[in-house]
Amino acid sequence: MIHVSNLNKKFGNLHVLKGIDEHIKKGEVVVVIGPSGSGKSTFLRCLNLLEYPTSGEIVFEGVSITDKKNDINKQREKMGMVFQQFNLFPHMTVLENITLAPIKVKNMKKEEAEKIAFRLLNRIGLEDKAQNYPNQLSGGQKQRIAIARALAMSPDVMLFDEPTSALDPEMVGEVLDVMKELASEGMTMVVVTHEMGFAKEVGTRVLFMDGGKIVEQGTPEEIFTNPKHPRTKDFLGKVL
Ligand code: ADP
Ligand code: MG
């Protein structure tokens, strides 16, 4: 589904991603772990071109999205993204947040977009919040809405950047539950997280990033019970 070859990203003189090669298959739940500043967010943001790579190629569903000749907007619609800070539009209701992109980007009729929105809200148990504004919701509710908003575009892959890091501990579970359900339905997911329990339970593959490189990767079992690289061992020693 996603082929990344020799991906490099520099911010000025700062070389943040150093030649990443990675292939993500349909249905995989790839969990990305690693120390702060190692380039996890930049990697995720490059995947859907929120950051434009300095060099290298990203092919998504057979289309090179780093090739400026291609229509990347069509491809981007198929990638949902969920951020640590939710990024809901504060002046819009929950329903408007969820229906905005389907209406504006996909030219969907309002009625149809709302039907889909209510189906998604029902799934995450927040149907009664449709007319509320984001500031009337808890952090966990906001993040579940942000996930629903991304799903409203029927993406083929969902990218999560530390989706539970800004939440109070008691709300982490409700967001992880929605993500687990998505994974069990076969959604392809790339998840940057510090939730090692989630990585073990749901991840099909774990990537350990350090210093702008994927230093080690394997099944959760391999990474968590038998890490090979000293930097992986050191990191896991600190977080587990
Ligand atoms: P992580 O998500 O693993 O904590 P990031 O990808 O956010 O790491 O950041 C990797 C490095 O790139 C850090 O040194 C960070 O300061 C730098 N960086 C990230 N985004 C930018 C930017 N827009 N401009 C300049 N430097 C950036
Ligand atoms: Mg980050």
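Over how many bridges do strand β9 and strand β10 pair in the antiparallel sense? In this predicted model, strand β9, covering residues 205–210, and strand β10, covering residues 213–218, pair over 5 bridges; strands here are DSSP runs of E with at least two residues, helices are runs of H or I with at least four residues, and both are numbered from the N terminus, while two strands count as paired if DSSP finds at least two bridges between them. Within this pair, leucine 207 has glutamine 217 of β10 as its bridge partner, and in the hairpin, which has 2 residues between the strands, glycine 211 takes a positive phi near 60°.

Residues are numbered from 1 along each chain as its sequence is written, and chains are lettered from A and ligands numbered from 1 in the order in which they are written. Local features need pLDDT of at least 70 and side-chain atom pairs count only at pLDDT 80 or more, whereas totals for chains, interfaces and linings use all residues, and side-chain values use heavy atoms, with hydrogens and water left out.

An open sheet of 4 strands, paired in the antiparallel sense, follows the order β2-β1-β4-β5. Because β2 (14–24) and β5 (63–64) stand at the edges with a single partner strand each, one side of each is left without a neighbour in the sheet. Strand β1, residues 2–11, runs antiparallel to strand β4, residues 55–60, and 5 bridges join them; asparagine 8 has serine 55 in β4 as its bridge partner. Across β1, β2 and β4 lies helix α1, residues 40–47, running at about 120° to β1, where contact means heavy atoms within 4.5 Å and the angle, on a scale from 0 to 180 degrees, is taken between N-to-C directions of axes fitted to C-alpha atoms, for helices over the stretch in contact.

Helix α1 also gives the largest share of the shell around ligand 1, with 3 residues. The residues around this ligand (with a heavy atom within 4 Å of it) include Phe11, Leu14, Val16, Pro35 and Lys40, and by class the shell has 4 nonpolar, 6 polar and 1 charged residues. Oxygen atoms of ligand 1 lie 2.7 Å from a backbone N or O atom of glycine 37, 3.1 Å from a backbone N or O atom of glycine 39, and 2.8 Å from an N or O atom in the side chain of serine 41. Taken alone, ligand 1 exposes 560 Å², of which the protein buries 59%, the areas coming from the Shrake-Rupley method with a 1.4 Å probe.

Terms used. Polar contact = N/O pair within 3.5 Å; in protein donor to acceptor, adjacent residues only side chain to side chain. Nonpolar A, V, L, I, M, F, W, Y, C, P; charged D, E, K, R; others polar.
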